[in-house]
Amino acid sequence: MSSIAQKKGFGATIWDFMTTVDHKKIAILYLISGGIFFLIGGLEAMLIRVQLAKAGNDFLSAGTYNEIITMHGTTMIFLAAMPILLAFMNAIMPLQIGARDVAFPFLNSLGFWLFFFGGIFLNLSWFMGGAPDAGWTNYASLALASEGKGIDFYSLGLTISGFGTLIAGINFLVTIINMRAPGMTYMRMPLFTWTTFVASALILLAFPPLTVGLFFMVFDRMFDANFFAVEMGGNTIIWEHLFWIFGHPEVYILILPAFGIFSEIFAIFSRKRLFGYTALVFATILIGFYGFMVWAHHMFTVGLGPTANAVFALATMIIAVPTGIKIFNWLLTIWGGNISFSVPMIYAVAFIPSFVAGGVTGVMQAIAPLDYQLHDSYFIVAHFHYVIVGGVVLAILAGTHLYWPKMFGTMLSEKLGKWTFWFFFIGFHLTFFIQHFLGLMGMPRRVYTFGADQGWDLFNAISSVGALFMAIGVIILLVNVVLTSIKNERVGNDPWGDGRTLEWAIASPPPFYNFAQTPLVRGLDSVWIEKMDGNKKGMIFAEPLGDIHMPNGSIIPFVISLGMFIASFGALYFLDGDKPWALAVLIIGLGITFGSMLLRSLKDDLGFHITKAELLEDAKGGNTDGH
Amino acid sequence: MDINQKYTPQSWPEHPETATMEGKNKFIGFWLLLAAETVTFASLFATYLALKDKGPSGMEFSAAGLYELPLVFAMTMILLTSSLTSVYAMYHMKNHNFKAMQAWLGITVLLGATFLGLEIYEFNHYVHLGFGYTNSAFSSAFYTLVGTHGAHVLFGLSWFIALMLRNAKRGLNMYNAPKFYLASLYWHFIDVVWVFIFTVVYLMGVIG
């Protein structure tokens with residue numbers, strides 16, 4: 001990346017990123033934009049904790065508080081956690097299977113830009129008449145009653161970014177099915193590739209119900225449809241079902257790649273083969289499978305009846321089994337290993353007890369009668385933050401340290417990394433552990449304040465202090481990133497020294513065509529096998545050096561997404577009645593989108609070739625740009 | 001892949017749609033997209049069934065009294081036939097007979113357009129009866145389910161037409177063969193969805 005940046009001007013670099021179809025650059029785009037949304041979501045979290053720091057606080061009004069909790073949840077799930085994980089999937093998975101790129105480089109770019117414009121659109125609601133305020137679950141009975149345009153921003157924004165995520169999911173599935181290097185059988189795939197595979201399958205099957213639900217919401221609010229309008233025969237429970245048929249697999253879409261990152265870390269930093277690789281793979285598949293059969297445990301108190309509740313309660317408890325299998329396999333991977341406590345490993349070790357705590361409270365809530373007591377209390381808030389922060393966010397932070405050298409060619413400071421870890425880890429438990437007790441004491445979720453006579457002051461104050469610790473941890477990480485980039489000390493192929501999988505057999509960052517020759521995979525942990533065999537060249541290759549076919553960059557994905565972005569504003573103001581220009585904006589936007597799709601379809605795009613001579617020159621050290 | 005390479009029926013591969021890496025990727029990717037489409041329609045069907053005949057008190061329309069089966073039966077036959085003609089088109093595509101493929105695709109497009117015309121007539125007819133989109137939960141669910149299918153038909157027709165016009169002069173090659181194949185796969189999917197709509201919406205609707 002940096003060698004390109006040095007050669008080109010700023011504008012040319014921007015243009016390069018806008019038109020790129022290279023999975024490694026798209027990964028950087030995902031990481032930067034996901035990171036920015038993570039900071040925005042974190043800022044919203046801080047505002048929540050400031051408001052709740054003392055009884056009867058008037059820092060935020062009740063309405064603003066509703067907007068902030070809604071945007072905090074929506075931003076963190078859709079615009080921060082998932083895109084950052086997609087960044088790692090994009091950066092690492094194609095390297096792990098020895099692929100030249102993903103199966104559809106053009107669609108990869110389209111997926112990113114759709115997510116990006118959807119996220120921007122959603123966040124513009126702050127400046128254009130108010131953010132959505134019906135919670136991140138956007139239950140229809142609340143959402144339909146919500147005034148202003150916040151809910152419409154939510155529906156349209158998430159529809160656009162959801163298309164982007166769906167495209168990414170299909171792309172990764174095809175990549176893993178079709179583009180594996182010779183010898184890379186399914187049961188030799190690294191765990192991160194496996195979890196990417198299963199998470200992508202979940203994306204494929206979980207996002208359409210959400211899209212359908214969002215369309216119903218749009219139609220109800222804008223075109224007077226009656227899906228959720230009870231007086232017209234509608235039914236708001238349909239939204240809840242559609243949302244959670246998406247929503248529960250969504251938490252596995254987040255946690256499975258996190259499991260994958262930790263699996264890699266445990267093996268690398270224990271200098272051992274993963275214990276029970278096969279069991280870990282099957283546990284991943286089982287979790288993905290069961291993930292679709294438990295959505296109604298979010299709806300125990302809706303009144304679906306004892307039979308439905310019992311079935312969903314049992315299915316939910318069953319998921320604890322494959323998850324438990326994973327935990328024990330990780331522990332047994334560490335057992336007897338030659339452990340090095342680098343920053344990623346510290347996160348991984350801290351993840352186990354944190355996530356288990358979240359899992360245990362999850363099983364508690366799976367008991368339907370008990371859930372009637374816990375429902376809508378801070379116990380739930382504590383639970384899902386333990387699995388999402390204790391699982392996903394710790395994995396994101398660990399993955400950032402682990403894969404930073406592969407993505408940018410420099411090592412983040414270990415010392416600052418440890419400071420980040422301790423602030424974040426202590427802050428996390430300080431914030432959320434005590435919320436279990438607040439919940440048991442009766443404090444409800446989503447209520448903007450509490451009374452001084454309710455006895456929740458001290459625990460809330462402690463929780464807010466914890467949030468401050470987490471914020472300090474994140475700021476140290478940002479400082480770390482800046483200092484590392486300024487120092488710019490380049491690293492080699494395998495900066496951790498104990499890399500086991502294919503991504504550590506290639507330069508950091510890799511050349512834009514990835515492996516000059518496709519590697520031959522001789523077993524699980526292929527790079528480790530070559531190391532143990534004393535292979536000086538790093539890998540055995542499956543083909544002689546020859547011309548490489550590469551896809552052309554294109555601005556079309558950006559334009560397609562921009563068209564959707566413009567059309568959304570038209571849809572937003574369409575039925576106000578007093579804005580005749582809205583229809584024109586809607587049509588122009590859709591015209592741009594479909595016009596550029598047609599252009600893409602009709603114009604041949606055959607890509608270009610890198611010749612053998614160029615590759616040989618590249619190998620001597622020099623040009624990594626190639627244009 | 002050389003786009004200018006000329007093929008004869010003898011040198012043309014048996015499965016041109018998956019003969020290149022791009023073709024293989026598109027083939028798998030498109031089947032996966034159809035999986036996502038299946039879930040989309042499953043959600044729409046479930047919603048329709050939940051909201052069937054539901055409306056404000058005193059609602060005038062119910063499924064049993066509204067649907068007109070003869071028209072819908074004719075639409076069904078036309079769409080099913082168009083699926084058959086698209087199979088003929090793909091048969092000729094695999095035999096590298098470009099003109100015959102174009103001709104059968106042309107017939108497919110005509111049948112599809114007829115279907116779409118009849119669907120628009122049907123909707124227009126219902127609206128004139130007073131069964132509008134905003135009347136009841138039932139009407140919203142009906143128009144959304146069947147209309148989403150209609151939008152898919154429209155997209156499929158546009159796709160066929162764009163491919164036929166774009167490649168009219170240059171014939172079949174390894175670059176566009178997967179495109180023709182996928183468009184026809186999409187057309188079959190639309191057809192299968194309609195079979196379910198005919199059964200679940202219309203037949204079960206008339207039974208009551």
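Me: Let's start with one residue. How many other C-beta atoms lie within 10 Å of A:Asp376, and how do I read that count?

Reply: There are 13 of them, so A:Asp376 is partly exposed. A residue is called buried from 20 such neighbours upward and exposed at 12 or fewer, with partly exposed in between. Keep in mind as we go that this is a predicted model.

Me: Where is A:Asp376 placed in chain A?

Reply: It sits in the loop between H13 and helix H14 (378–408) of chain A. Its backbone is worth a look too: phi of A:Asp376 is positive, near 60°, and the residue is not a glycine.

Me: What sign does phi usually have?

Reply: Here's the general idea: most residues other than glycine have a negative phi, and most peptide bonds are trans. In this structure A:Asp224 is a case with a positive phi, about 55°, although it isn't a glycine. You'll find A:Asp224 in the loop between H8 and H9 of chain A. It has 15 C-beta neighbours inside 10 Å, so A:Asp224 counts as partly exposed.

Me: And which residues does a cis peptide bond join?

Reply: A:Ser508 and A:Pro509, with omega at about -10°. A:Pro509 belongs to the loop between helix H16 (457–487) and helix H17 (526–532) of chain A.

Me: Let's zoom out. How many helices and strands are there in chain A?

Reply: Chain A has 20 helices and two strands. Its radius of gyration is 24 Å, close to the 25 Å that the globule rule gives for 627 residues, so chain A is as compact as a globular protein of that length. Along the principal axes, the C-alpha atoms fill a box of roughly 70 × 65 × 45 Å.

Me: What does the contact pattern of chain A look like along the sequence?

Reply: Take the contacts between residues at least 6 apart in sequence: 82% of them join residues at least 24 apart. For a single pair, try A:Ala12 and A:Ile555, which are 543 residues apart along the chain but have C-alpha atoms separated by 13 Å. A:Ala12 is part of helix H2 (residues 10–19) of chain A. With 12 C-beta neighbours inside 10 Å, it counts as exposed.

Me: What about the inside? What share of chain A counts as buried?

Reply: Of its 627 residues, 53% count as buried. The general idea is that in soluble globular proteins, nonpolar side chains tend to be buried together. Here, the largest nonpolar core has 234 residues, and those with the most contacts inside it are A:Leu254, A:Phe262, A:Ile265, A:Tyr347 and A:Ala398. H9(A) gives the most to this core, with 22 residues. Another core, of five residues, lies apart from it and includes A:Ile68, A:Ile69, A:Met71 and A:Ala131.

Me: Which residues does A:Tyr347 touch, leaving out those up to four places away in sequence?

Reply: A:Tyr347 touches A:Leu394, A:Leu397, A:Ala398 and A:Phe421.

Me: Now a single helix. How do I read the length of H11 in chain A?

Reply: Compare its end-to-end reach with what you'd expect at 1.5 Å a residue. H11 (residues 306–334) has 29 residues and reaches 43 Å from its first C-alpha to its last, close to the expected 42 Å. Its buried residues include A:Phe312, A:Ile319, A:Lys326 and A:Trp330. The buried residues pack against helix H9 (237–270), helix H10 (277–290), helix H12 (343–366) and helix H13 (368–374) of chain A. After H11(A) comes A:Gly336, whose phi is positive, near 75°.

Me: How many residues does each chain give to the contact between A and B?

Reply: Chain A gives 33 residues and chain B gives 30. On chain A's side, the elements giving two or more residues are helix H7 (150–178), helix H8 (191–222), H9 and helix H19 (581–602). The largest share, seven residues, comes from H8(A). By class, that side of chain A has 23 nonpolar, seven polar and three charged residues.

Me: What do the UniProt records add for chains A and B?

Reply: For chain A, an unreviewed entry carries the annotation "domain: Cytochrome oxidase subunit I profile" over residues 9–522. In the model that stretch is 70% helix and 0% strand. For chain B, an unreviewed UniProt entry lists "transmembrane region" spans, among them 71–91 and 141–165. Residues 71–91 of chain B are 100% helix, with end C-alpha atoms 31 Å apart. Residues 141–165 of chain B are 100% helix too, and the end C-alpha atoms there are 36 Å apart.

Note on methods:
Residues are numbered from 1 along each chain as its sequence is written. Chains are lettered from A and ligands numbered from 1 in the order in which they are written. This is a predicted model: local features need pLDDT of at least 70, side-chain atom pairs count only at pLDDT 80 or more; totals for chains, interfaces and linings use all residues. Helices (H or I, at least four residues) and strands (E, at least two) are DSSP runs, numbered from the N terminus. The expected span of a helix is 1.5 Å times one less than its number of residues. Two residues are in contact if their C-beta atoms, placed from the backbone, lie within 7 Å. Ala, Val, Leu, Ile, Met, Phe, Trp, Tyr, Cys and Pro count as nonpolar, Asp, Glu, Lys and Arg as charged, and the others, Gly among them, as polar. UniProt positions are given in the numbering used here, feature names are shortened, and annotations may be inferred rather than shown by experiment. The radius of gyration is taken over C-alpha atoms; the globule rule is 2.2 Å times the number of residues to the power 0.38. A nonpolar core is a set of buried Ala, Val, Leu, Ile, Met, Phe, Trp, Tyr and Cys residues joined through C-beta atoms within 7 Å.
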